[in-house]
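Visitor: I am new here and would like to be shown around. May I ask how each label is earned as we go?

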Amino acid sequence: MTTSTTRTVTSTASIAPAEPDLVGAMFASRSLPVHYARGLVGLVLLVAGLALAAVSAWWLLLVVVTVVLWRGCMSCWTLGLMATRARTCRVRGGSGPGAREPARTAGSARAHA
């Protein structure tokens, strides 16, 4: 006599995890005021560093601090600003200056006319 056994594999996680936001993780800040403050302090340090370039070599330290605050170059800071805005709008449920209105369908356009 031979008996066969069948194994049933069930998955407890039916929903696939969302992809991690790598840009947001690398460049974004907790909030827009924090991101703007990082950008402003970095800009002030960069201007001060360039003004001190003729006086001493300490200006290099100010430029390094600027790069750390901006998490790279000015383009990296701008990319982080966009990621922070997207994250902020997503947390608020899409209501904000950057949120878009839902597209109207042909049927809903006639109903509002």
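Guide: Here is a short tour in questions and answers, and please keep in mind that this is a predicted model.

Visitor: Happy to start. What makes up the secondary structure of the chain?

Guide: The chain has five helices and zero strands. Read from the N terminus, the elements run α-α-α-α-α. Of its 113 residues, 19% count as buried.

Visitor: Let us take α2. How do you know that its reach fits its number of residues?

Guide: Helix α2 covers residues 32–51, which is 20 residues. At 1.5 Å a residue, 28 Å is expected, and the helix reaches 29 Å from its first C-alpha to its last, which is close.

Visitor: Which residues of α2 are buried?

Guide: They are L32, H35, R38, G39, G42, L45 and G49. Seen down the axis of α2, these buried residues fall within an arc of 165 degrees, so they line one face of the helix. On the other side of α2 you will find P33, L40, V44, V47 and A51, which are exposed.

Visitor: Why can residues that are not neighbours in sequence point the same way in a helix?

Guide: An α-helix has 3.6 residues a turn, so residues three or four places apart point the same way.

Visitor: What makes V34 partly exposed rather than buried or exposed?

Guide: Buried means under 20% relative accessible area and exposed means over 50%. V34 has 28%, so it is called partly exposed. V34 lies in helix α2. V34 and T84 are 50 residues apart in sequence, yet 9.8 Å apart in space, C-alpha to C-alpha.

Visitor: And W58, why is that residue called exposed?

Guide: The relative accessible area of W58 is 63%, and the label asks for over 50%, so W58 is exposed. W58 lies in the loop between α2 and α3. Together with L61 and V65, W58 forms a nonpolar patch on the surface, with about 330 Å² of accessible area for the three together.

Visitor: How do you know that the span of α3 agrees with its 12 residues?

Guide: At 1.5 Å a residue, α3 should span 16 Å, and its end C-alpha atoms are 17 Å apart, which agrees. The buried residues of α3 are L62, T66 and W70. Down the axis of α3, these fall within an arc of 70 degrees, so they too line one face of their helix.

Visitor: What follows α3, and what is its phi?

Guide: R71 follows α3, and its phi is positive, near 55 degrees. That is a positive value in a residue other than glycine. R71 lies in the loop between α3 and α4. With a relative accessible area of 34%, R71 is partly exposed.

Visitor: One last puzzle. Why do C73 and C76 not count as a disulfide?

Guide: A disulfide needs a pair of cysteine sulfur atoms within 2.5 Å. The sulfur of C73 is 3.5 Å from its closest cysteine sulfur, in C76, and that is too far for a bond. Starting from C76, the closest cysteine sulfur is the one in C73, again at 3.5 Å. By this rule the count comes to zero disulfides.

Visitor: Why is C73 called partly exposed?

Guide: Its relative accessible area is 41%, which is neither under 20% nor over 50%, so C73 is partly exposed.

How values were computed
Residues are numbered from 1 along each chain as its sequence is written. This is a predicted model: local features need pLDDT of at least 70, side-chain atom pairs count only at pLDDT 80 or more; totals for chains, interfaces and linings use all residues. Side-chain values use heavy atoms; hydrogens and water are left out. Helices (H or I, at least four residues) and strands (E, at least two) are DSSP runs, numbered from the N terminus. The expected span of a helix is 1.5 Å times one less than its number of residues. Buried means under 20% relative accessible area, exposed over 50%, partly exposed in between (1.4 Å probe, protein chains only). The arc is that of the directions from the helix axis to the C-beta atoms. Patches are made of residues with over 30% relative accessible area and no salt bridge: like charges are joined within 9 Å, nonpolar side chains (Val, Leu, Ile, Met, Phe, Trp, Tyr) within 5 Å. Accessible areas come from the Shrake-Rupley method with a 1.4 Å probe; for residues, only the protein chains shown count as cover. A salt bridge is a side-chain nitrogen of Lys or Arg within 4 Å of a carboxyl oxygen of Asp or Glu.
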